[in-house]
Amino acid sequence: MADLNKLFDSIVAGKLEPAVEVTEQIIEEKLDIQSVINDYMIKAMEEIGDRFQNHKAYVPELLMAARAMKGSLDLLKSHMKDESIQTVGKIVIGTVFGDLHGIGKNLVASMFEGCGFEVINLGVNIPNSKFVETVKQEKPDILCLSALLTTTMVNMKSVIEALENAGLRNQVKVMVGGAPVSETFARQIGADGYSSNANTAVIKAKELLAIA
């Protein structure tokens, strides 16, 4: 019998091999994959997120948990050809033009994915036109913009203006984050939300989408 509590514990502890081992048993036993994802895997990521929030876990632990979660999720996805995994929302994320920093953004993307969001990670140094084109094509619920430099954070405002000019601003929530960014700055440029770290990004996103 697949030990689902072991799967939960392995993801929280960031242990990829035992997480994959239980996942293989889940597939073999033909368990309800969506229930496993919702009741064990997403809850494991929420647990490590809470620990991070309470300073009981740190960035390396978050990254390890996200890696274990992704390893299990990738296995499960390959066995769900005829079903689509239910997601709580779709997110497009990228670092704004002129900025090549991606570590924080990737951690946020991993946390989103681990907590049940579909994530399209555009990468770094993304021009406004690419953000606009992706929002138009993918119709995400939230667009997340990252910047690590005071010289590039101003480009977040340019992205929001580009969305307005394309008539897309009302169709997507915009969240911003990164070391120099603040709640005040987010309000000034017309963003819908701000987050200072990966866990609060998930909390803010669920708040914006009114997800319990």
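This is a short dialogue on reading the cores, spaces and backbone of a predicted model.

Reader: Happy to start inside. Which residues have the most contacts within the largest nonpolar core?

Author: Leu7, Ile11, Ile26, Met41, Met45, Phe112 and Met175 do, in a core of 45 residues. Helix α3, residues 33–53, gives the most to this core, with 9 residues. Apart from it lies another core, of 26 residues, and Leu145, Met153, Ile160 and Phe185 are among them.

Reader: Let me pick Phe112. What does Phe112 touch, beyond residues up to four places away in sequence?

Author: Its partners are Ile91, Phe117, Val119, Cys144, Met175, Ala201, Val202 and Ala205. Keep Phe117 in mind for the next point.

Reader: Gladly. How do I read a pair of aromatic rings, and how many aromatic pairs does a search of the whole structure find?

Author: A pair of aromatic rings is described by the distance of the centres and the angle of the planes. Here the search finds 1 aromatic pair. It is formed by Phe112 and Phe117, with 5.3 Å centre to centre and 75 degrees between the planes, an edge-to-face arrangement. Both Phe112 and Phe117 are buried.

Reader: Now the empty space. How much of it lies in the largest pocket?

Author: The general idea first: rolling a probe the size of a water molecule over the atoms shows where empty space is left. In this model, the largest pocket holds about 450 Å³. It is lined by 27 residues, and Gly104, Lys105, Val108, Gly178 and Ser196 are the closest to its centre. Two or more lining residues come from each of β1 (89–96), α5 (103–114), β3 (142–146), β4 (173–177) and α9 (198–208). Helix α5 has the largest share, 5 residues.

Reader: How do the residues of that lining divide by class?

Author: There are 15 nonpolar, 10 polar and 2 charged residues in the lining of the largest pocket.

Reader: And cavities? How many of 30 Å³ or more turn up in the whole structure?

Author: The search finds 1, and about 50 Å³ of space lies in it. Its lining is made of Ala66, Met69, Lys70, Leu73, Ser110, Glu113 and Gly114. Helices α4 (59–77) and α5 each supply at least two of these residues, and α4 has the largest share, with 4. By class, the cavity lining has 3 nonpolar, 2 polar and 2 charged residues.

Reader: Let me try a single residue. Is Thr23 buried or exposed?

Author: Thr23 is buried, because its relative accessibility is 1%, and the cut-off for buried is under 20%. Thr23 is found in helix α2, residues 16–28. Leaving aside neighbours within four places in sequence, Thr23 is in contact with Leu7, Ser72, Leu75 and Leu76. For a sense of the geometry, Thr23 and Val36 are 13 residues apart in sequence and 9.4 Å apart in space, C-alpha to C-alpha.

Reader: Last one, the backbone. What is phi near at Lys30?

Author: Most residues other than glycine have a negative phi, and most peptide bonds are trans. At Lys30, phi is near 55 degrees, a positive value in a residue other than glycine. Lys30 is found in the loop between α2 and α3, and it counts as exposed because its relative accessibility is 73%.

Reader: Then what about His55, and where is its place?

Author: His55 is in the loop between α3 and α4. Its phi is positive, about 60 degrees, although it is not a glycine. With a relative accessible area of 60%, His55 is exposed.

How values were computed:
Residues numbered from 1 in each chain as written. Predicted model: local features only at pLDDT ≥ 70, side-chain atom pairs only at ≥ 80, totals over all residues. Heavy atoms only, no water. Core = buried A, V, L, I, M, F, W, Y, C linked by side-chain atoms within 4.5 Å. Buried < 20%, exposed > 50% of the residue type's maximum accessible area, 1.4 Å probe, protein only. Contact = heavy atoms within 4.5 Å. 1 Å grid on protein atoms, 1.4 Å probe; cavity = no way out; pocket = protein on both sides within 12 Å on 5 of 7 lines; lining within 4 Å. Points joined across faces, edges and corners; volume = space filled by probe spheres on them. Nonpolar A, V, L, I, M, F, W, Y, C, P; charged D, E, K, R; others polar. Phe/Tyr/Trp six-rings, centres within 6.5 Å; stacked < 30°, edge-to-face > 60°.
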